[in-house]
Amino acid sequence: MRIGLYPGTFDPITLGHIDIIRRASLLVDRLVIGVAINSDKSPLFDLKDRVSMLEEECNYLSKQAGTEFVVHPFENLLIDCAHDVGAQVIEYEFQMVGMNRSLDNSIETVFLMAEAKHQAIASKLVKEIARLNGDISKFVTPHVAKRLLNKLKVSN
């Protein structure tokens with residue numbers, strides 16, 4: 001079984017993330033979505049909410065893809081998380097390729113870019129647009145938009 005790992009903070013999950021998850025699922029039998037617990041970042045959504053959003057989106061995708069999706073929180077080194085979940089492939093940002101290769105060259109790190117229409121989407125920018133009452137419907141699913149807008153009302 002070919003297992004892939006796609007890590008991120010997913011605060012919140014965007015259409016860009018979903019596009020990469022969909023495309024990465026074509027390369028593996030099981031795709032583990034690693035939800036980073038990073039004390040250096042201050043996510044808007046707590047871990048439980050980020051995992052819940054990912055699970056909901058992955059449930060929808062699994063009906064289309066035929067790939068098994070697992071949402072897995074982690075706070076250790078990415079390469080250690082890859083070992084923990086049995087991943088042979090990591091999909092991650094370009095700058096991490098060399099670092100991961102140095103730590104363990106038996107695990108491939110691949111760089112998948114979202115489709116052009118989703119490349120500029122960043123969770124940080126989506127949150128800022130939402131805070132300023134802008135339209136986020138082109139950047140997240142309706143379910144995530146609702147949760148984000150509700151979260152911002154509570155935070156403000």
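Visitor: So two strands pair if DSSP finds at least two bridges between them; which residue in S2 is the bridge partner of Leu5?
Guide: In this predicted model, the bridge partner of Leu5 in S2 is Val32. S1, which covers residues 3–8, and S2, which covers residues 30–36, are joined by 6 bridges and pair in the parallel sense.

Visitor: What does the chain pass through from S1 to S2?
Guide: From S1 the chain goes through helix H1, residues 15–25, before it arrives at S2, and this β-α-β crossover is right-handed.

Visitor: And S4, how many bridges join it to S1?
Guide: There are 2 bridges between S1 and S4, a strand made of residues 89–91, and the two run parallel. Within S4, Val89 is the residue that stands opposite Gly4.

Visitor: Is S1 mostly covered or mostly open?
Guide: S1 is mostly covered, since 6 of its 6 residues are buried. In a regular strand the side chains alternate between the two faces of the sheet. For S1 both faces are covered, with Ile3, Leu5 and Pro7 buried on one side, and Gly4, Tyr6 and Gly8 buried on the other.

Visitor: Changing topic, where is Thr109 found?
Guide: Thr109 belongs to strand S5, which takes in residues 108–110. Its C-alpha atom is separated by 4.5 Å from that of Ile90, although the two residues are 19 residues apart along the chain.

Visitor: Why is Thr109 called buried?
Guide: Thr109 has a relative accessible area of 10%, and buried means under 20%, so Thr109 is counted as buried.

Notes. Residues are numbered from 1 along each chain as its sequence is written. This is a predicted model: local features need pLDDT of at least 70, side-chain atom pairs count only at pLDDT 80 or more; totals for chains, interfaces and linings use all residues. Side-chain values use heavy atoms; hydrogens and water are left out. Buried means under 20% relative accessible area, exposed over 50%, partly exposed in between (1.4 Å probe, protein chains only). Helices (H or I, at least four residues) and strands (E, at least two) are DSSP runs, numbered from the N terminus. Two strands pair if DSSP finds at least two bridges between them. A crossover is right-handed if, with the strands pointing away from the viewer, the path from the first strand over the helix to the second runs clockwise.
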